[in-house]
Amino acid sequence: MNRVIPGTTLKFSEQARESAFTMVAPVLEATGGLTLSQLSKLTGLEGSTIQNWIKRKWVSATVGKKYSEKQVVRILLINMLRGVMKLEDIARLMCYINGDVEDTSDDIIADTALYNMLCRIIFSAEDNGAFSPESIRKLINEEISISEKSIRSDEDKLRKAMYIMVMAYRCSVLKRETENSLGEIFG
């Protein structure tokens with residue numbers, strides 16, 4: 001399997017296992033943010049798609065022409081789910097977890113912590129071939145109990161949203177594999 005870090009075009013490495021965003025953070029810190037072309041390369045998204053998400057207020061607006069950590073991680077979260085979920089549903093789900101995109105005071109968990117938690121669950125499930133509903137719920141519960149200091153409120157809401165996000169990501173992986181297999185058959 002050609003494994004990538006969810007929401008990115010980056011190849012998986014063991015360094016990403018505990019904190020996937022650490023693969024992106026050094027570039028952000030060194031450059032003071034990513035340009036649209038760098039973000040497009042990182043995510044595989046067209047620049048117009050990213051700009052549209054900002055226009056729709058699914059991602060906070062840029063200051064200058066650089067994308068900050070907050071914006072990048074939100075784009076990664078949306079990108080990892082969009083293979084099978086409607087963009088409007090992803091936006092509603094993100095709002096369910098973290099309220100207004102511009103206001104972090106209503107967040108259950110910071111987007112970066114959420115992204116890292118989701119990636120740890122996904123990597124663990126992939127390693128063990130454990131994508132049954134029970135296995136995913138168990139991994140979510142374990143991750144929440146380990147990471148409880150990152151969670152500001154409403155763990156139950158977070159559990160529900162994370163379950164949807166992990167399953168949607170898995171569905172998008174299966175959809176991509178199915179499409180690739182069809183391509184091999186029918187060219």
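Does Met117 count as buried or exposed, and at what relative accessibility? I will come to the answer in a moment, but let me say at the outset that what we have in front of us is a predicted model, and that every value I quote has been computed from it.

Met117 counts as buried, its relative accessibility being 1%, and its place is in helix α6. If we leave aside residues up to four places away in sequence, Met117 touches Ile109, Glu143, Ile144, Ser147 and Met162. For one of these neighbours I can add a distance, since the C-alpha atoms of Met117 and Met162 are separated by 8.9 Å, with their positions 45 residues apart along the chain.

Before staying with that helix, let me step back to the chain as a whole. The protein chain has 8 helices and 0 strands, and the order of elements from the N terminus is accordingly α-α-α-α-α-α-α-α. Its radius of gyration is 16 Å, close to the 16 Å that the globule rule gives for 187 residues, so the chain is as compact as a globular protein of that length. Along the principal axes, the C-alpha trace spans about 45 × 45 × 30 Å.

As for burial, 45% of the 187 residues in the protein chain are buried, while the accessible surface comes to about 9900 Å², of which carbon and sulfur atoms account for 52%. Turning to contacts between residues at least 6 apart in sequence, we find that 64% of them join residues at least 24 apart.

Now back to helix α6, where I would like to look at two further residues. Ile122 lies in this helix and is buried, with a relative accessible area of 0%. Residues up to four places away in sequence again being left out, Ile122 touches Pro6, Met80, Phe131, Val166 and Tyr169. The C-alpha atoms of Ile122 and Arg170 are 8.0 Å apart, although 48 residues separate the two along the chain.

The other residue is Asp111, which also lies in helix α6 and which, at 8% relative accessibility, counts as buried. What does the side chain of Asp111 make a polar contact with? The partner is the side chain of Asn98, at 2.8 Å. Beyond four places in sequence, Asp111 touches Asn98 together with Val73, Arg74, Leu77 and Met94.

Helix α6 comes up once more when we turn to the aromatic rings, where the count comes to 2 aromatic pairs. One of them is formed by Phe12 and Phe123, whose arrangement is edge-to-face, with 4.7 Å from centre to centre and 65° between the planes. Phe12 lies in the segment before α1 (25-31) and Phe123 in helix α6 (residues 111-128), so this pair ties together parts that are 111 residues apart in sequence. Phe12 and Phe123 are both buried.

In the pair of Phe21 and Tyr115, the ring centres are 6.3 Å apart and the planes stand at 85°, so this pair is edge-to-face. Here too distant parts of the chain are linked, with Phe21 in the segment before α1 and Tyr115 in helix α6, 94 residues apart. Both Phe21 and Tyr115 are buried.

Rings also appear in the model with charged side chains over them. Arg137 lies over the face of Tyr163, at 3.9 Å from the ring centre, and the charged end of Lys157 sits over the ring of Tyr96, at 4.9 Å from its centre.

Finally, a word on the backbone in two of the loops. Most residues other than glycine have a negative phi. Against that background, where does Lys57, with its positive phi, lie? Lys57 is found in the loop between α3 (47-55) and α4 (69-81), its phi is near 70°, and it is exposed, with a relative accessible area of 62%.

Asp154 likewise has a positive phi, of about 45°, although it is not a glycine. This residue lies in the loop between α7 (133-146) and α8 (155-186), and at 41% relative accessibility Asp154 counts as partly exposed.

To close where I began, Met117, Ile122 and Asp111 are buried at 1%, 0% and 8% respectively, and the two aromatic pairs link helix α6 with the segment before α1 through Phe12 and Phe123 and through Phe21 and Tyr115.

Conventions: Residues are numbered from 1 along each chain as its sequence is written. This is a predicted model: local features need pLDDT of at least 70, side-chain atom pairs count only at pLDDT 80 or more; totals for chains, interfaces and linings use all residues. Side-chain values use heavy atoms; hydrogens and water are left out. Rings of Phe, Tyr and Trp (its six-membered ring) pair if their centres lie within 6.5 Å; planes under 30 degrees apart count as stacked, over 60 as edge-to-face and the rest as tilted. Helices (H or I, at least four residues) and strands (E, at least two) are DSSP runs, numbered from the N terminus. Buried means under 20% relative accessible area, exposed over 50%, partly exposed in between (1.4 Å probe, protein chains only). A charge sits over a ring if NZ of Lys or CZ of Arg is within 6 Å of the ring centre and within 35 degrees of the ring normal. The radius of gyration is taken over C-alpha atoms; the globule rule is 2.2 Å times the number of residues to the power 0.38. Contact means heavy atoms within 4.5 Å. Accessible areas come from the Shrake-Rupley method with a 1.4 Å probe; for residues, only the protein chains shown count as cover. A polar contact is a pair of N or O atoms within 3.5 Å; within protein, one must be able to donate a hydrogen and the other to accept it, and residues adjacent in sequence count only if both atoms are side-chain atoms.
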